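Here are a few exercises to work through with the model in view. Try each task yourself before you read its solution.

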Amino acid sequence: MKDTYRHKGMRRKLIATLREKGIRDEQVLAAMEKLPRHFFLDKAFEEWAYVDKAFPIGEEQTISQPYTVAYMTELLQVNKRDAVLEVGTGSGYQAAILALLGARVFTIERQPALYSKTKTLLEKLGLVQIRTFLRDGYKGLPEFAPFDRIIVTAGAPKVPQALLEQLRIGGRMVIPVGTDQQTMYLITRTGETSFQEEKLGAFRFVPFVKGIPDNDPFSS
Ligand code: SAH
């Protein structure tokens, strides 16, 4: 994996685009300028890494659009050492951005093939602050809760109760809610049983699917 001057130049342009689109958080922009996004796409599609678009990564999944990653990460307001739960590892790009911001990242994926591929990539990149799990994200990771921050990168029909329960009091969750199209929700836990909910922009995500795929070819 090589990060050339040409890649760096394309990344600078992408960051300029994100600024024009309204992203203001300098730490988020710096992390995105530093991290080679083309490492997270197959080599054949390298050119697409620095266009502000989502892109297919196999298993009918996509790497989120750079603007979406920047927008969600800005909303999340990550502090160094925060325990952050990500649901929907996908390519691992969002998890890597969170790690560059100093978070301790716990990320869950339900697709076995994507899970293995991304786990290998993140290890190769030396991102040891990221722990990957092959699980159903609807259930979160109760054994590591509470989390300071939770980010869901698939479109959920509603906010999963387990995730609300795993958010620390004072913590923030960013989650796109809706079926065909999603509204970005920013949820803050204000007390043991109280939450504050803010509805923000419209986005389009791949669906948040319940359960782990059944890999047994002989089961009906
Ligand atoms: N954050 C990713 C974007 C991933 S797209 C990135 O930066 O590339 C959404 C991902 O959520 C897909 O990989 C999909 O398989 C996964 N997903 C959907 N439902 C899930 C669930 N219940 N648990 C865990 N992952 C889920």
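## Exercise 1: a loop residue

L125 sits in the loop between α5 (112-124) and β5; helices (H or I, at least four residues) and strands (E, at least two) are DSSP runs, numbered from the N terminus. Before going on, a word on the ground rules: this is a predicted model, where local features need pLDDT of at least 70 and side-chain atom pairs count only at pLDDT 80 or more, while totals for chains, interfaces and linings use all residues. Residues are numbered from 1 along each chain as its sequence is written, and side-chain values use heavy atoms, with hydrogens and water left out.

Task: find out what relative accessible area L125 has, and what separates its C-alpha atom from that of F39.

Solution. Start with the exposure scale: buried means under 20% relative accessible area, exposed over 50%, and partly exposed in between (1.4 Å probe, protein chains only). L125 has 24%, so it counts as partly exposed. Next, look across to F39: the two residues are 86 apart along the chain, and their C-alpha atoms are separated by 9.1 Å.

## Exercise 2: around the ligand

Task: work out which residues are closest to the ligand, and which atoms pair up with its nitrogen atoms.

Solution. Step one is the shell. A residue counts as near the ligand if one of its heavy atoms lies within 4 Å of it. The ligand is surrounded by 26 residues, and the closest are G88, S91, E109, G137 and V209.

Step two is to sort that shell by class. Ala, Val, Leu, Ile, Met, Phe, Trp, Tyr, Cys and Pro count as nonpolar, Asp, Glu, Lys and Arg as charged, and the others, Gly among them, as polar. That gives 10 nonpolar, 11 polar and 5 charged residues.

Step three asks which elements chip in. At least two shell residues come from each of β2 (61-63), α4 (93-100) and β4 (104-109). β2 gives the most, with 3 residues.

Step four is the polar contacts, meaning pairs of N or O atoms within 3.5 Å; within protein, one must be able to donate a hydrogen and the other to accept it, and residues adjacent in sequence count only if both atoms are side-chain atoms. D136 brings a polar side-chain atom to 3.0 Å from a nitrogen atom of the ligand. T153 does so with a polar side-chain atom at 3.1 Å from a ligand nitrogen. With V209, a backbone N or O atom lies 2.5 Å from a nitrogen atom of the ligand. The protein covers 99% of the 580 Å² of accessible area that the ligand has on its own, with areas taken from the Shrake-Rupley method with a 1.4 Å probe; for residues, only the protein chains shown count as cover.

## Exercise 3: inside helix α4

Task: is L98, in helix α4, buried or exposed?

Solution. Begin with the helix itself: 7 of the 8 residues of α4 are buried. They are Y93, Q94, A95, A96, I97, L98 and A99. L98 has a relative accessible area of 0%, so it is buried. Now find V78, 20 residues away along the chain from L98; the C-alpha atoms of the two are separated by 7.6 Å. Just after α4, G102 has a positive phi of about 95 degrees.

For a second buried helix residue, go to V28 in α2 (residues 26-34). Its relative accessible area is 2%, so V28 is buried too. V28 and L101 are 73 residues apart along the chain, with 7.5 Å between their C-alpha atoms.

## Exercise 4: backbone oddities

Task: which peptide bond is cis, and what phi values do Q77 and R81 have?

Solution. First, the peptide bond from A145 to P146 is cis, with omega near 5 degrees. P146 belongs to the loop between β5 (130-134) and β6 (147-152).

Then turn to the loop between α3 (66-76) and β3 (83-87), where Q77 sits. Q77 has a positive phi, near 50 degrees, and is not a glycine. With a relative accessible area of 45%, Q77 is partly exposed.

R81 is also in the loop between α3 and β3. Its phi is positive at about 75 degrees, although R81 is not a glycine. R81 has a relative accessible area of 58%, so it is exposed.
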